Structure formats: structure tokens, C-alpha cells
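Colleague: I have just opened this model and would like some company while I look around. Could you pick one part for a close look, then carry on from there through the other features you would point out?

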Amino acid sequence: MILATAGVLACLGLVLVYSTACGVEGRGGAGLMVRSVLYVIVGAAGMLAASRVPAERLRPLAYPLLGLSVLLLLLTWVPGVGQEVKGAHRWLRIGPVGFQPSELAKLAVVVFLADSLARRGDRIRSFAYGYLPHVVIPGVPLLLILAEPDLGTAALLGAVVLLVAYVGGVRPAHLAAGLLPAVPVAVYSLWYVPFRRERILAFLDPWAHAQGAGFQLVQSLLAFGSGGLWGVGLGAGQQKLYYLPEAHTDFILSVWAEEAGFVGVAAVLGLFALLVLRGFRIAWHQEDPYRRLLATGIAVWLGLQAGLNALVVTGCLPTKGLPFPFLSYGGTGWVVDLTAAGILAGLARKGLRCAS
């Protein structure tokens, strides 16, 4: 069920990228579509491979994978290797191949947390052994992502860390106390950085900023409104044609809303809910703490990211650059998300057999 659901969503993502390609590149967006198909093929291969490899083989890779993600995040600032786009240092470029290290960091942090929390035993309740290592160590890639700047991914990663740490047994009082230093950082990042303050003001009243910071949100809302109950038909949407910025990435759900309507959006969100709930069910039936926390981390990560994206494109949260898993265009995102779904599917085999 995990493999089928992720596969259906990724195929729908390809259809939507094809639908928006003409508004992204000249010549019908052929180059974008070819890259999309190649990335999904690589991601599908990773998903199938990960579903057959025992999850225990990932444990020795917990620290190397986390270290690699930190190194790659640092390399985004190296001229000639890192690629700056609109003032953000989020990508590595090697020839024709682009890579976004923050996507790998999500998987690396989840694997690290599952391995480290499972090793602590009764010491997990202490501040020094339970709280500190599971906040400070993942905090390194989190701060590097925040510096790119990418507040949306940093906030997502922080939420995943806190939730998985809580499920792993870290005391809620320690987690709550640890949030206090993050409050002034969040206030400064949201209000005293000019472009983010403009986004918050536009979120509060997008129509008053329809030609400025609120333009993207207004166009997204118009797409949802135009879709109605059943949509205008696949490929017939108008907002993607140079009206809605980033239609093929962060706002792909808005394109789908216009073309498939409320019914189509409900179907996609239903498929995602099925995948996440299945992930929690898999976690529930695991006897080994590492396997349980790994399944929980992947389900929380994918579910939160999809939920936050849906809230952003419907105007329930300020605009943030956070793609919708499996649907949005993004080579690294497709590969990592599909591989994570494969790991979750692999955890299902032993866990659900034991339950039965």
C-alpha cells in the first residue's frame, strides 16, 4: 500500500509538471519534463531498493549520513559548487545535475534520531543524555538550512525533531524548556527580516497586497476558487500560465485545485492521509524501538510537510517555500521522498507479520 500510494502520487506529480511546463520554460518545457521523468525513475529505483533492504543496515550510516548532509550544506556557500538563486544558497550544481542538500538532511536527521534515541534506554529521561544530543546535533544542519535562508524547511525539521524526540521518550518539560531560546530567533526571523515581514502582512490581508507580497497567495486563492467542485479539466487551468509564481514547485497543489477541483484535492489529501496513517500503524506494530522511531519519523516528516504546504497555498499560513511531497517538481525531493517511502514499506514487512 505504501509503494502504491507513493507511486500514484509521484505519477500525478509528473502529470502536473507536464501540465505546468509550458508556463515554466520556452519550447513547451520539454527539458523540464525530461528531467522530471529521470528524477522519478531514479526515485522509484531507490524506493524499490529501500523496501528490500533491512532497515537495520541504515543504523551504521546514521552519523556518516548526518555528517555528509552537513558537509553538503556547507558546500552550498562555496563559489563554483554552490548555486545562488534569488539570494538563497540552497543548491549544489555539478555540470547539468543539481542537488538540494536540505532534502537529504531530512532523511539523515530522522535516521540519526531513530538510532540515537533507541540506544539511550532509561537514560532518555535525563537532560544530558535524552534532550541535549537529540536537539544540539540535529541543530547543526537546522541552523545551516536557516542560514541559506530556508525558514520553512528549518521549521519543518525542528518540528520533526521535537515530535520524534517526544515519541522516543524525551521528557516534555525538557523539550518545552528547550523551545524558549528559539522564541527570540523566530521573532527576529519573522518580523525583523524585511521580506518575511512583508509575507506576514500579506498573509493577514493578501488582497491589500495583491500587486506585491500578496500576489502569489492571491493567485493561488483564485486557482482554488476557479476549480470549484470538479475543476476546469486537466491541462485547462489558466493560473499556471504566468499568473501563479512557482506553479510547478511550491504551489503545485493550487494547479491541481483549479484543474481537478475540490474533489481532486480531497482525493490527493486522502491518499496522503492513507500513507501517513499507514506509517503510524507500521510504527505501532514494531517491537524494536529503532524500527518504531524510524517509521514514526518518516510518517511525521512527510505528513507535516504535506500539511504545511496545503495550509500555505490555501492562505492558512504565511507563504513559505516548502514543496508538496511527491507532487512538486524537485529532483532531490522526488528521490529522497520516494526512498523514504521505500524504507517505510520495508519496515511494514516484519512489523505487520509480527502483529498478525
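Modeller: Happy to! Two strands count as paired here if DSSP finds at least two bridges between them. Please keep in mind throughout that this is a predicted model.

Let's take the sheet for the close look. It is an open sheet of three strands in the order E1-E2-E3, with antiparallel pairing. Its edge strands are E1, covering 82–85, and E3, covering 97–99, and each of them pairs on one side only. From one strand to the next, the twist averages 40°. As a reminder, strands of a sheet pair through backbone hydrogen bonds, either parallel or antiparallel. Strand E2 takes in residues 88–94, and four bridges join E1 to E2. If you want one pair to click on, try valine 85, whose bridge partner in E2 is alanine 88.

From the sheet, let's move on to the charged side chains. Side chains of opposite charge can pair when their charged atoms come close. The structure holds five salt bridges, and three of the pairs are described below.

One of them is between glutamate 56 and arginine 291, where the closest N and O atoms are 3.1 Å apart. This pair links distant parts of the chain, as the two residues are 235 residues apart. Glutamate 56 sits in the loop between helix H2 (30–52) and helix H3 (62–75), while arginine 291 belongs to helix H12 (residues 289–313). Are the two partners buried or exposed? Glutamate 56 has 34% relative accessibility, so it counts as partly exposed. Arginine 291 has a relative accessible area of 5%, which means that arginine 291 is buried.

Helix H4 (residues 101–120) is the place to look for the next pair, lysine 106 and glutamate 103. They form a salt bridge with 3.2 Å between the closest N and O atoms. About one helical turn separates these two residues, because they are three residues apart in H4. Both ends of this salt bridge are worth checking for burial. Lysine 106 is buried, with a relative accessible area of 3%, and glutamate 103 is buried too, with 4%.

Aspartate 115 and arginine 119 also lie in H4, four residues apart, which is about one turn of the helix. Their salt bridge brings the closest N and O atoms to 2.9 Å. Here the two partners fall into separate classes: aspartate 115 is buried at a relative accessible area of 2%, whereas arginine 119 is exposed at 54%. Arg59 joins in as well, as salt bridges that share partners connect Arg59, Asp115 and Arg119 into one network.

Next, a few backbone details. Most residues other than glycine have a negative phi, and most peptide bonds are trans. Which residues does a cis peptide bond join in this model? They are glutamate 148 and proline 149, and omega is about 5°. You will find proline 149 in the loop between helix H5 (127–146) and helix H6 (151–167).

Two residues that are not glycine have a positive phi: glutamate 246, at about 55°, and phenylalanine 326, at about 75°. Glutamate 246 lies in the loop between helix H10 (215–227) and helix H11 (252–284), and its 31% relative accessibility means that it counts as partly exposed. Phenylalanine 326 is in the loop between H12 and helix H13 (331–355). With 1% relative accessibility, phenylalanine 326 counts as buried.

Now for the empty space. Rolling a probe the size of a water molecule over the atoms shows where such space is left. The second largest pocket holds about 950 Å³ of space. Its lining is made of 33 residues, and those nearest its centre are Leu142, Ala154, Ala155, Gly158 and Ala182. At least two lining residues each come from H5, H6, helix H7 (172–179), helix H8 (182–191) and H12. H6 gives the most, with nine residues.

One last stop is helix H1, which runs over residues 2–20 and has 19 residues. H1 reaches 27 Å from its first C-alpha to its last, close to the 27 Å expected at 1.5 Å a residue. Its buried residues include Ile2, Leu9, Leu16 and Val17.

Terms used:
Residues numbered from 1 in each chain as written. Predicted model: local features only at pLDDT ≥ 70, side-chain atom pairs only at ≥ 80, totals over all residues. Heavy atoms only, no water. Axes fitted to C-alpha atoms, helices over the stretch in contact; angles between N-to-C directions. Salt bridge = Lys/Arg side-chain N within 4 Å of Asp/Glu carboxyl O. Buried < 20%, exposed > 50% of the residue type's maximum accessible area, 1.4 Å probe, protein only. Expected span 1.5 Å × (residues − 1). 1 Å grid on protein atoms, 1.4 Å probe; cavity = no way out; pocket = protein on both sides within 12 Å on 5 of 7 lines; lining within 4 Å. Points joined across faces, edges and corners; volume = space filled by probe spheres on them.
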